[in-house]
Amino acid sequence: MNIQSKVSRYSQEFDPPVRGDPITAERYISKEYMEAENKNLWPKVWHLGGLLAELEEPGDIVRHDFGKESVILVRQEDESIKAFYNTCPHRGNRLVLGEEASVPRIVCSYHSWTYDLDGTLSKVQDPDDFEGGNPCGKIHLSELRCETWGPFVFWCMDDDVAPLEEWLAPFPERLKGYGIDNWVRVLKLSCDAEFNWKIIRDNFNESYHLPTIHPELATFINDGLPDTLFEMYPSGHNSMWMKGHQATTRTDYHTTEVPAPLDEVAAAWGLDPAEFNGRTGDLREAIVAAKRKLGPERGFTNYENMTDQQLVDYFHCTLFPNLTLTMSPEQLQVLRTEPHPTDPEKCIFQHWCLYPPVEGMKEVVTPIGSVPLRHDEVARHSVYGDGVSLGFVADQDLSIGTSQQQGLNSRGFKGCHLPNQEKRIQRFHELLDDYVSGKLPEAGQ
Ligand code: FES
Ligand SMILES: [Fe+2]
C-alpha cells in the first residue's frame, strides 16, 4: 500500500483514472474561456430552475436568469410544466421581468403581444397588418426541454443531452431513501460574488479545507480521511460520504467526552452523553438505534426508508458542473455557483435549504438561524461582503473566494498542485476541458 492509499479513500468501483491536465489560471480569469463555456458547456447540461412548489397553479411562472440567458418555467392548464426562453418573438423584449408571476396569459410589456400559457401567440395589435395574415396561432415562444425530479424542476437547452433522471445518475437511486419529494424549501439565498464560478466548485470538490476553513465542524462531522469515502461516477458527478454524529478521527484532535453540539443531540434522542466517555465514536450507532425507535412517533416518517448511513451521516453530492446537494437526514442544501453574464471574475452564489415536513414542527434551525417550516418564495439576494450571511459554513467557503481569485491573477501562479484527495478537482477540470474544447466525454469515460 502506498502512502496515498493510506490516507485517501476512493471507492474502487468509482475511481476512474485522470490524465493530469494542468489546471492553470486562464480558466478562472479569461473571457475566451468563459465564452467557450457559454458555447460548449452550459447548453449541454441540465439546470435546476425552480421547485414544483412554486408552480402550483396553471399560470404560475418562475424565472431563472443564467448568465445572459433567462428562462421561464410555466405551469400549464394540463398540469405539465413547460420551459421557454424569456424573450418575445416580436422584437426580443424580455417577457417576464419579476422573479415569478402568476398570470392567465403572458403579455409582453412593449407592444402587448399576448401568449397563451403553452407559448402560442394569441393576441396582437393590428393583426391584419402582417404579410401572410394574422400571426396568432402561428408564432410560439421558443421552448426548451423541461423535466422534474423530486421537488425540483430542471431545464436544458440541448435536445441530445440524456433525459434528466439518466443525467442525474446515480443520485435519483442513491437519494431515494430520503424521500425528498415533499421537502419544503424554507430558504432561498443568493449573492453576487467577486470570483469565478469554479472557485467554489473546486472547494466543494475537496474536503482538504475542512480542518482549516471549517474547524468547528470537527466536533460533529468526522472529516478524518480514512473515514471519508469519495466516489466519482461515469456521469461526471461525484460524492463524498462523511460520518456524522461523530467527532473527527484526525490525529490532531482528541476528546474523551462527547463534544458540543453532539452532547445536546444525544440528549435530544434520549441518550446520556456521559455514557460515551472514552468511546465517543460509538454514539453514532446509538443515534441510529434511537432514531429508528423514536423517529416515527416524533413525526420523522421519512426515517423508515433511510439506510443507517443516511440516518446519521452527511452525503455530499456534487453534480457536474455546478450543482451540489448536501444531504443529511433532516436537511437538503442546494449549493451552486453560476457565471456572471459578462465578467469571468464574478459569479452568483446560491444556497437553498429544504427540510422534511414533520407534523407539529413549526420551525427549523437553518444555517442562518431558526425560520418557520413552510415554503418561502422570498428570494434574498445580497452582495457578498455586505455583511448578510449566506449560512455560516457557506460564509466560510465564500471567504476564500476573492483572495483566491486575486492570487490566480498573479504572474507567479503556475498551476495547481493537488494531493490525491483532491482528485475530484482534477477530474472536474478534465471533464470541463473536454466540454469547452467541443469533445464531449463519452459516457463511462
Ligand atoms: S417586443 Fe414584445 S410585443 Fe414587441
Ligand atoms: Fe467548505
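This briefing covers an iron site and a β-sheet. The model is predicted. The iron ion (ligand 2) takes its protein donors from H209, H214 and D397. The sheet is open and holds 7 strands.

**Iron site**

- H209 and H214 each donate through NE2, while D397 is listed with OD twice.
- These donors lie 2.0 to 2.6 Å from the iron ion (ligand 2).
- The arrangement is irregular because the 4 donor atoms subtend angles of 54 to 143°. Four donors count as tetrahedral if all angles lie between 85 and 135 degrees.
- For comparison, the ideal angle for four tetrahedral donors is 109.5 degrees.

**Where the donor residues sit**

- Along the sequence, the donor residues follow the spacing H-x4-H-x182-D.
- H209 and D397 link distant parts of the chain, 188 residues apart.
- H209 is in the loop between α6 (197-204) and α7 (210-213). D397 belongs to helix α11 (residues 392-399).
- H209 counts as buried because its relative accessibility is 8%, and buried means under 20%.
- D397 also counts as buried, at 6% relative accessibility.

**The sheet**

- The strand order is β1-β10-β9-β4-β3-β2-β5, with antiparallel pairing.
- β1 (47-51) and β5 (100-102) stand at the edges. Each has a single partner strand, so one side of each lacks a neighbour in the sheet.
- From one strand to the next, the twist averages 30°.

**The β1-β10 pairing**

- Strand β10 (residues 152-156) is joined to β1 by 4 bridges, and the two run antiparallel.
- Within β10, F154 stands opposite L48.

Notes: Residues are numbered from 1 along each chain as its sequence is written. Chains are lettered from A and ligands numbered from 1 in the order in which they are written. This is a predicted model: local features need pLDDT of at least 70, side-chain atom pairs count only at pLDDT 80 or more; totals for chains, interfaces and linings use all residues. Side-chain values use heavy atoms; hydrogens and water are left out. Donors are N, O and S atoms within 2.8 Å of the metal (3.2 Å for Na, K and Ca); water is not among the atoms, so sites may look incomplete. Four donors count as tetrahedral if all angles lie between 85 and 135 degrees; four count as square planar and six as octahedral if opposite donors are over 155 degrees apart and all others between 65 and 115; anything else is irregular. Buried means under 20% relative accessible area, exposed over 50%, partly exposed in between (1.4 Å probe, protein chains only). Two strands pair if DSSP finds at least two bridges between them. Axes are lines fitted to C-alpha atoms, for helices over the stretch in contact, and angles run from 0 to 180 degrees between N-to-C directions.
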